[in-house]
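Hello,

Here is the structure we talked about handing over. Please open it first, then read the notes below it.

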Amino acid sequence: MNQVKINKLNFEKLHGLGNDFMLLDGRTVAIDISAAEISEWANRRTGVGFDQLIVLGQSEAGLSYRFFNADGGEAEQCGNGQRAIAHYLHHQGVKVHNLKLSGQGGDVILNYLDEDHISVTFEQTIQVEQQCIAGIDGYYVEMGNPHWVYHEPQLTTKDLEPFSHIVNNHFKTGANVEAIKKIDDHHIQLRVIERGVGETQACGSGACAAAIASATLLQTTTPLTVSMLGGDLKVSYDLVCDKITLTGPARAVYQGQLAVRKK
């Protein structure tokens, strides 16, 4: 008969504008989890409930990050998640000033001024390509993770889910889908359907992708306020789009402990 060992796993629940996360700190302990466990924990009725899981790591090379969507699939990048990491590290006594983290989505630089002004800077070449999908003009933006951005005049009233499925099926690995509407040259509205999650209150990397694409789609300019269901983020970028800074709030919600059963 197999013995089942129950291990305790500490976690922290955080959010950035309602885009919520469960964070596991793997800087000093090994984190061994499965996609099925992540999906179970993400359930909002029977689990912790979250949009993404964050796994923080530490090696000789420095701090590292990993992100997992609610369906258990790994995501390359998450701007709100990076700011949640900055909030967590600050309250763990780490100096978050030009702090570098590495991961699948590339290197990022974190800065914590206060919990309403937390910045993540993506220092990488952003790929932007005009693409038409199902007769709709839009832009594919590679932010370390994939996005497809388009203009939607009926942004606040339209059901975005059906078209987001069409866009996701267009790409082998799927894509986050951003629908945008212009308020003025320095302000847009945004709704996001995140790959492996569904519509979220906010998306940091999506706000950055939308800011880049809206410069052409809607003739906006930097710096740009991006208003989402959960609130506003500020995005600024240079002319060649290889340095993008996202600034906004993050909050800790609660700490908890999971009983993880291992055979």
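Strand E1 gives the most to the lining of the largest pocket, with six residues. Keep in mind that this is a predicted model.

First, the pocket. The volume of the largest pocket is about 360 Å³. Its lining is made up of 20 residues, and the closest to the centre are Lys8, Leu9, Asn10, Val29 and Ile31. Three elements each give two or more residues to this lining: strand E1 (5–16), strand E2 (19–26) and strand E18 (251–262). By class, nine of the lining residues are nonpolar, six are polar and five are charged.

Next, the aromatic rings. The count comes to six aromatic pairs. Take Tyr65 and Phe67: their ring centres are 5.3 Å apart and their planes stand at 40 degrees, so this pair is tilted. The reason is the cut-offs: under 30 degrees would count as stacked, and over 60 as edge-to-face.

Are Tyr65 and Phe67 buried or exposed? Tyr65 has a relative accessibility of 2%, so Tyr65 counts as buried. Phe67 has a relative accessible area of 0%, so Phe67 is buried too. The cut-off for buried is under 20%.

There is also an aromatic cluster to look at. Which residues form it together with Trp148? They are Tyr150 and Phe163.

When you go through the model, you could begin at Lys8, Leu9 and Asn10, which are among the residues closest to the centre of the largest pocket. Then turn to the tilted pair, Tyr65 and Phe67.

Best wishes

Terms used
Residues are numbered from 1 along each chain as its sequence is written. This is a predicted model: local features need pLDDT of at least 70, side-chain atom pairs count only at pLDDT 80 or more; totals for chains, interfaces and linings use all residues. Side-chain values use heavy atoms; hydrogens and water are left out. On a 1 Å grid over the protein atoms alone, a cavity is a set of points where a 1.4 Å probe fits but cannot get out, and a pocket is an open set with protein on both sides within 12 Å along at least five of seven lines; lining residues have an atom within 4 Å of a point. Grid points are joined across faces, edges and corners, and a volume is the space filled by probe spheres set on the points. Helices (H or I, at least four residues) and strands (E, at least two) are DSSP runs, numbered from the N terminus. Ala, Val, Leu, Ile, Met, Phe, Trp, Tyr, Cys and Pro count as nonpolar, Asp, Glu, Lys and Arg as charged, and the others, Gly among them, as polar. Rings of Phe, Tyr and Trp (its six-membered ring) pair if their centres lie within 6.5 Å; planes under 30 degrees apart count as stacked, over 60 as edge-to-face and the rest as tilted. Buried means under 20% relative accessible area, exposed over 50%, partly exposed in between (1.4 Å probe, protein chains only).
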